[in-house]
Amino acid sequence: MSRFLEECSEFIRSKVPAGTIRISEMCEDGVVETVHFQKLARCQNSYSVAKTFTMTGIGLLYDKGLLGIDEKIYDILKDEIHVSEIDERWNSSTIEMALIHRLGLPGACLDIDSYDPATFGKDYLDYIFKTPLISDPGISKSYTDAAFYLLARIVEKRSGMNIEDFLWKELLFKLGFKEIAWSHCPLGHAMGGTGLYVSSEDIARLAYVYMTGGVYNGERLLSEKWIELAKDKGFTLSANYDHTFFSKGGMYGQKIMFSTKQHRAIGLQAFGGNSEIITEWIMNYGE
């Protein structure tokens, strides 16, 4: 086990033992080490960490020239929408606005983790387009799972396959992922913003790709341009003060983290664990 994981696990056991499930570090291509604090099923709900995977699906299409971040969401999905009257402001809503949560949707829109999913009906796409906007698109930030459901539907539309199959084909198999399972809406589309069941080891694998600038095992899997866009514009990722440490969290203490300064890629799973304390420790490790 690496010195980092030894010291990190000692910190977790002494400061935040309750709720932490496991932490994984990808040290080099193909080598992942894990410390288990609880013996639970390998794949856990990553909640909003799922958004990083959906964002990556958008990036893969961007790299192939099949999608631009300035494209209009309604233009792409209009054939799938059955709402008779659409707020004309949707005509200005772009993929980039969805990636940074500036669509003007209310924050609770399509939050299946906090509300009974039946609240949103059978057709989640129609539900979104029936929901009154609380601001003009592009103006103010309102964090919502609905934005990433739309993005997952866009990946499906442009790739011709569901987002899980597309990610497996283009990325996950190459990274040595073991398994994933995604919660679906009643019509069978992946939720995109939550409900991705995955292991901490595989979360660390995705973190590694972003940490290296898109390269794994000598093969470029994501363009350097996309990696820089995601980091600079905050496509799901939050950065520290000098933009050397990036992370994305999910409910109950899930985290994907990577440090370009430390050359470190981390996946953390918890259920009620205080992941912010752990994240801060990792961010400042070695200083």
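## Threonine 236 and its surroundings

In this predicted model, threonine 236 occupies the loop that runs between α9 (224-233) and β8 (238-239). Its relative accessibility is 10%, so threonine 236 counts as buried, the cut-off being under 20%. Beyond its neighbours within four places in sequence, threonine 236 is in contact with Lys51, Thr52, Met55, Leu99, Phe148, Ser247 and Lys248.

Thr236 also belongs to the lining of the largest pocket, where it is one of the residues that lie nearest the centre.

## The largest pocket

The largest pocket has a volume of about 210 Å³. Its lining comprises 15 residues, and those nearest the centre are Lys141, Gly234, Thr236, Leu237 and Ser238. Sorted by class, the lining holds 4 nonpolar, 6 polar and 5 charged residues.

Strand β9, which spans residues 245-250, gives the most to this lining, with 3 residues.

## Lysine 51

Lysine 51, one of the contacts of threonine 236, is located in helix α2 (residues 50-63). Is this lysine buried or exposed? Lysine 51 has a relative accessible area of 0% and is therefore buried.

A polar contact links the side chain of lysine 51 to the backbone oxygen of glycine 193, at 2.9 Å. When residues up to four places away in sequence are not counted, lysine 51 touches His101, Tyr143, Thr144, Asp145, Phe148, Gly192, Gly193, Thr236 and Lys248. Phe148 and Lys248 are also among the contacts of threonine 236.

## Nonpolar cores

In soluble globular proteins, nonpolar side chains tend to be buried together. In this model, the largest nonpolar core has 76 residues, and Leu99, Ile128, Tyr210 and Trp226 have the most contacts inside it. Helix α6 (residues 145-159) supplies the largest share of this core, namely 9 residues. A second core, separate from this one, has 15 residues, including Phe4, Ile12, Ile23 and Tyr285.

Which residues does tryptophan 226 touch, not counting those up to four places away in sequence? They are Met55, Ile58, Gly59, Tyr62, Asp63, Ile69, Leu99, Tyr210 and Phe235. Of these, Leu99 and Tyr210 are themselves listed with Trp226 among the residues with the most contacts inside the largest core. Met55 and Leu99 also appear among the contacts of threonine 236.

## Tyrosine 216

Tyrosine 216 lies in strand β6, formed by residues 215-216. Its relative accessibility of 9% is under 20%, so tyrosine 216 counts as buried. Apart from residues up to four places away in sequence, tyrosine 216 touches Met26, Asp29, Gly30, Lys174, Leu175, Tyr208 and Leu221.

For Gly30, a polar contact is also present: a polar atom of the side chain of tyrosine 216 lies 3.3 Å from the backbone nitrogen of glycine 30. Leucine 206 is 10 residues from tyrosine 216 along the chain, and their C-alpha atoms are separated by 9.9 Å.

## Isoleucine 277

Isoleucine 277 is part of helix α10 (residues 275-283). With 35% relative accessibility, a value between the 20% and 50% cut-offs, isoleucine 277 counts as partly exposed.

How far apart are the C-alpha atoms of isoleucine 277 and valine 16? The separation is 7.8 Å, although the two residues are 261 residues apart along the chain. Isoleucine 277 is in contact with Val16 and Phe11, its neighbours within four places in sequence being left aside.

Key:
Residues numbered from 1 in each chain as written. Predicted model: local features only at pLDDT ≥ 70, side-chain atom pairs only at ≥ 80, totals over all residues. Heavy atoms only, no water. 1 Å grid on protein atoms, 1.4 Å probe; cavity = no way out; pocket = protein on both sides within 12 Å on 5 of 7 lines; lining within 4 Å. Points joined across faces, edges and corners; volume = space filled by probe spheres on them. Helix = DSSP H or I, 4+ residues; strand = E, 2+ residues; numbered from the N terminus. Nonpolar A, V, L, I, M, F, W, Y, C, P; charged D, E, K, R; others polar. Core = buried A, V, L, I, M, F, W, Y, C linked by side-chain atoms within 4.5 Å. Buried < 20%, exposed > 50% of the residue type's maximum accessible area, 1.4 Å probe, protein only. Contact = heavy atoms within 4.5 Å. Polar contact = N/O pair within 3.5 Å; in protein donor to acceptor, adjacent residues only side chain to side chain.
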